[in-house]
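Me: I am new to this structure and would be grateful for a guided reading of it. Please take the points one by one and explain each in turn.

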Amino acid sequence: MAEEKNLPVEGAEKDEKSDKIKIPDRLPVLVLRDIVVFPYMIVPLYVGRPKSKKAVDAALNGDRLILLLTQKDMNVEDPGRDGLYGFGTVALIVRMLKLPDGRMRVLVQGISRARLRDLHDDGKSLTAEAEGVEDREPGELALEGKALVKNVRQKFEQAGKLGKAISNEILVIAENIEEPGKLADIIASNLELKIEDSQSILEETDPLRRLGRVHDFLNYEIEMLNMQNQINLKAQGEMDKNQKEYFLRQQLKAIRKELGEESEVMEEVNAYLKKLEEARMPEAARKETEKNIDRLRKMHPESAESGVIRTYLDWMFDLPWAAASKDNLNLKRARAVLNQDHYGLEKVKERILEYLSVRKLNSQGRGPILCFVGPPGVGKTSLGRSIARALNKKFVRISLGGVRDEAEIRGHRRTYVGALPGKIIQELKNAGTHNPVFMMDEVDKIGMDFRGDPSSALLEVLDPEQNNSFTDHYLGVPFDLSKVLFITTANLLEPIQPAFRDRMEVIEIHGYSEEEKIEIARRHLIPRQLQANGLTARLIEFTPGALRNIVALYTREAGVRNLEREIGGICRKVAHKVALGQRQLVKITSRNLEKYAGVPRIFRDQLLEENAVGVATGMAWTPTGGDILFIEVRLIPGKGTLILTGSLGDVMKESASAALSLIKSSAAGLKLAVETFEKNDIHVHIPEGGIPKDGPSAGVTLATALVSAFTGKAVKRDIAMTGEITLRGKILPVGGIKEKVLAARRAGIRTIILPEKNKKDLGELKQTHRQGMNFLFVGEFREAVNAALVEPVF
């Protein structure tokens with residue numbers, strides 16, 4: 001390298017005042033992918049891109065000078081101005097060779113740093129306007145600068161001794177360089193730094209600061225080299241140790257053979273064979289186990305594969321191939337257990353008792369696959385535990401929320417390091433029986449990515465026609481899952497893929513009513529919180545009024561989780577008093593509730609104070625149960641525009657448009673002039689605008705509020721309604737009737753207008769919920785409007 005540095009330069013102009021090469025105002029640009037070229041560095045470059053080859057040709061046809069710029073992303077084929085670093089190196093092309101594959105091999109020598117001022121791209125090649133950048137003159141080096149130069153030389157030499165690939169020529173050159181900037185460039189070009197680090201050194205024009213940065217990189221490189229050498233020495237020592245142990249074991253094996261003793265492997269093999277005789281495995285599993293025991297017999301005990309086989313055999317013997325728990329077929333006891341653990345949920349309890357009845361008549365029947373769908377906190381998971389207790393079965397549970405890898409279900413193949421069976425087989429091993437109650441939570445939150453679709457893998461598990469021969473990838477043999485009682489849970493049914501949903505018997509668990517929550521709190525939540533907080537019934541008592549207010553004013557949910565939290569918070573405050581020595585009974589009533597539970601967080605829905613024009617009361621289903629909403633309509637002077645506010649969804653907006661069109665078509669019957677619609681804007685608003693609202697069930701309520709606004713007739717304040725409306729004036733059935741009726745009852749409404757075809761849904765309501773309520777079933781829009789307004793208009 002030192003010899004080539006002094007090659008004669010032909011074509012390049014030199015500055016008249018110095019011996020330096022003069023940099024022209026415009027230079028061809030060669031874009032580099034993965035290298036930064038420093039001044040004084042001679043390096044071969046392979047050029048293949050058309051623009052780069054044109055740039056080389058242009059340089060050779062001129063003064064042989066070219067600007068080398070490094071691109072920021074090496075994967076970009078044709079980077080623009082923003083894709084290039086704005087600081088590069090002016091280089092001299094020393095030699096060029098055209099290769100047979102069309103590329104060029106160019107030998108370049110860095111001349112000077114240069115800052116890019118402007119870049120020109122004519123589509124064929126890149127040219128640039130650049131200005132040369134000279135190092136700042138350090139002057140006479142101070143003592144600190146001389147020490148830094150000496151230290152960097154020593155570190156560079158130390159890196160070479162530790163194994164860094166540095167030629168002796170470079171070491172000699174570095175030893176004889178006194179200028180700090182030049183020394184930094186030479187060493188940086190031989191350290192194999194990242195592009196960003198090399199570029200930062202190239203852009204540093206202060207020689208001492210540049211050398212300081214190179215010093216830091218040298219320190220890091222020496223630490224890495226020392227660590228690599230330590231690892232190599234340790235690995236060599238481990239290898240020697242393993243070889244020593246191997247020879248000792250071979251000698252021990254020979255001694256045992258001479259003494260006639262059985263080898264360690266044979267003892268292990270005999271133990272496995274004894275287990276195989278005692279295990280009641282299916283034929284396919286027995287053959288696979290025998291095959292692996294035979295493989296273990298022929299292997300060296302310390303081989304890596306023998307450990308894999310031992311783990312596999314342990315799994316095979318630990319699985320409950322024939323172990324089963326005896327079902328409790330006493331229907332009365334099962335019903336008592338279910339009633340003891342859960343209040344309500346009659347449909348679920350009946351389904352479990354039906355299953356028990358079938359098992360009593362047919363012991364070989366397959367277990368059902370149930371799917372409990374309902375909001376959070378309604379007791380889906382705890383219901384699974386109760387079912388297991390009622391049936392005298394083991395209970396296992398897995399959560400599938402966020403699971404994305406199919407191997408979580410089917411297991412990994414044994415060819416992978418650290419392979420294990422899937423969650424199904426793992427939990428059956430933990431259960432110890434092949435007929436447990438197996439609960440899979442959150443099946444509506446299963447993910448999917450490049451590793452497979454877990455919900456598709458579950459199709460075999462949850463298909464009664466296939467799961468008697470479920471094959472886990474790790475086991476490689478069928479396992480009978482037909483005796484397992486599978487129960488899945490989900491918050492929503494829609495995210496579950498159709499094929500998966502089709503294999504399950506869906507049982508919807510709706511939210512609890514206010515009365516049910518009070519009873520659940522009295523039977524289950526209060527005793528549990530008393531025990532958790534170290535209290536007894538002699539220290540705290542909840543009155544029915546206090547429980548009713550906790551449910552209505554402090555929680556809004558379908559389940560009872562927040563209700564239990566509120567009760568727990570009150571218990572903790574009482575426990576604090578007891579711990580201070582106040583052991584008298586604390587009675588929680590509706591009057592002193594705020595003292596222990598704080599300010600109410602929920603405002604109970606209330607009726608309007610009086611009948612109002614243009615305001616109708618509707619009912620809505622929500623994930624936390626039900627709610628009532630007020631639809632307000634006002635006519636304002638305008639051009640007949642329909643204005644909708646209150647965070648309405650697309651379906652509700654369409655219902656409003658349909659209701660307005662229906663009223664326009666019924667204008668004659670309502671005795672309304674056409675000009676009424678043309679001269680007024682209709683503003684429809686639903687309060688609580690921060691809460692999104694959607695669905696078709698507000699159609700009849702919207703129509704009633706619009707008729708009231710146009711006719712000036714008030715709507716009865718104590719009547720609520722729900723139903724989808726059509727342009728023909730028909731009222732169609734809707735869902736969530738139970739939740740809507742309960743919400744209206746809580747608000748004090750006693751008359752409810754329902755679609756005629758929803759009459760059958762009242763069967764879901766208990767008699768206590770229907771008591772004192774008046775239900776009007778309508779099939780036509782006119783009937784609903786006449787019933788809702790204080791005066792009939794049709």
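Reply: One definition is needed at the outset: a residue is buried under 20% relative accessible area, exposed over 50%, and partly exposed in between. Please also bear in mind that this is a predicted model.

Me: Is Glu 442 buried, exposed or partly exposed?
Reply: Glu 442 is located in the loop between β9 and α15. This residue has a positive phi of about 60 degrees, although it is not a glycine. Its relative accessibility is 26%, and because values between 20% and 50% form the middle class, Glu 442 is partly exposed.

Me: Which residue has its charged end over the ring of Tyr 40?
Reply: Tyr 40 belongs to the loop between β1 (26–32) and β2 (42–47), and it has a positive phi of about 70 degrees without being a glycine. With 29% relative accessibility, Tyr 40 counts as partly exposed. The charged end that sits over its ring, 4.8 Å from the centre, is that of Lys 182.

Me: At what distance from the ring centre does Arg 414 lie over the face of Tyr 312?
Reply: A charge sits over a ring when, among other conditions, CZ of Arg is within 6 Å of the ring centre. Arg 414 lies over the face of Tyr 312, and the distance from the ring centre is 4.0 Å.

Me: In what order do the five strands of the open sheet lie?
Reply: The pairing in this sheet is parallel. Its edge strands, each pairing on one side only, are β8 (395–399) and β13 (505–508). Neighbouring strands are turned against each other by 20 degrees on average, direction ignored. The order is β8-β9-β12-β7-β13.

Me: Which residue in β9 is the bridge partner of Phe 395?
Reply: Strands of a sheet pair through backbone hydrogen bonds, either parallel or antiparallel. Here β8 and β9 (residues 437–441) pair in the parallel sense over five bridges. The partner of Phe 395 in β9 is Val 437.

Me: What angle does the direction of helix α14 make with that of β8?
Reply: Helix α14 covers residues 423–431 and packs on the sheet. The helix touches both β8 and β9. Its direction and that of β8 make an angle of about 155 degrees.

Me: Is Thr 433 buried or exposed?
Reply: Thr 433 is found in the loop between α14 and β9. Leaving aside neighbours within four places in sequence, its contacts include Pro 320, Ala 323, Lys 394 and Leu 428. Its relative accessibility is 8%, and because this lies under the 20% limit, Thr 433 is buried.

Me: Which residues does Leu 459 touch, not counting residues up to four places away in sequence?
Reply: Leu 459 is part of helix α15 (residues 454–461). Its relative accessible area is 16%, so Leu 459 is buried. On that count, the residues it touches are Ala 499, Phe 500 and Arg 503.

Me: Which residues touch the most other members of the largest nonpolar core?
Reply: This core has 53 residues, and helix α19 (residues 561–579) gives the most to it, with seven residues. A second, separate core of 52 residues has Ala 419 and Val 461 among its members. In the largest core, the residues that touch the most other members are Ile 387 and Phe 542.

Me: Which isoleucines are among the residues that Phe 542 touches?
Reply: Residues up to four places away in sequence are not counted here. Phe 542 touches Leu 547 and Cys 571. The isoleucines it touches are Ile 526, Ile 550, Ile 567, Ile 570 and Ile 588.

Me: Why does the aromatic pair of Tyr 272 and Phe 317 count as stacked?
Reply: Tyr 272 lies in helix α7 (residues 264–278) and Phe 317 in helix α9 (residues 304–318), so the pair ties together parts that are 45 residues apart in sequence. Tyr 272 is buried at 6% relative accessible area, and Phe 317 is buried at 15%. The ring centres are 5.8 Å apart, within the 6.5 Å limit, and because the planes stand at 15 degrees, under the limit of 30, the pair is stacked.

Me: What is the angle between the planes of Trp 321 and Phe 479?
Reply: Trp 321 is in the loop between α9 and α10 (331–341), and Phe 479 is in strand β11 (residues 478–479), 158 residues apart. Both Trp 321 and Phe 479 are buried. Their rings form a tilted aromatic pair, 5.0 Å centre to centre, and the angle between the planes is 45 degrees.

Technical notes. Residues numbered from 1 in each chain as written. Predicted model: local features only at pLDDT ≥ 70, side-chain atom pairs only at ≥ 80, totals over all residues. Heavy atoms only, no water. Pairing = 2+ DSSP bridges. Helix = DSSP H or I, 4+ residues; strand = E, 2+ residues; numbered from the N terminus. Axes fitted to C-alpha atoms, helices over the stretch in contact; angles between N-to-C directions. Contact = heavy atoms within 4.5 Å. Buried < 20%, exposed > 50% of the residue type's maximum accessible area, 1.4 Å probe, protein only. Core = buried A, V, L, I, M, F, W, Y, C linked by side-chain atoms within 4.5 Å. Phe/Tyr/Trp six-rings, centres within 6.5 Å; stacked < 30°, edge-to-face > 60°. Lys NZ or Arg CZ within 6 Å of the ring centre and 35° of its normal.
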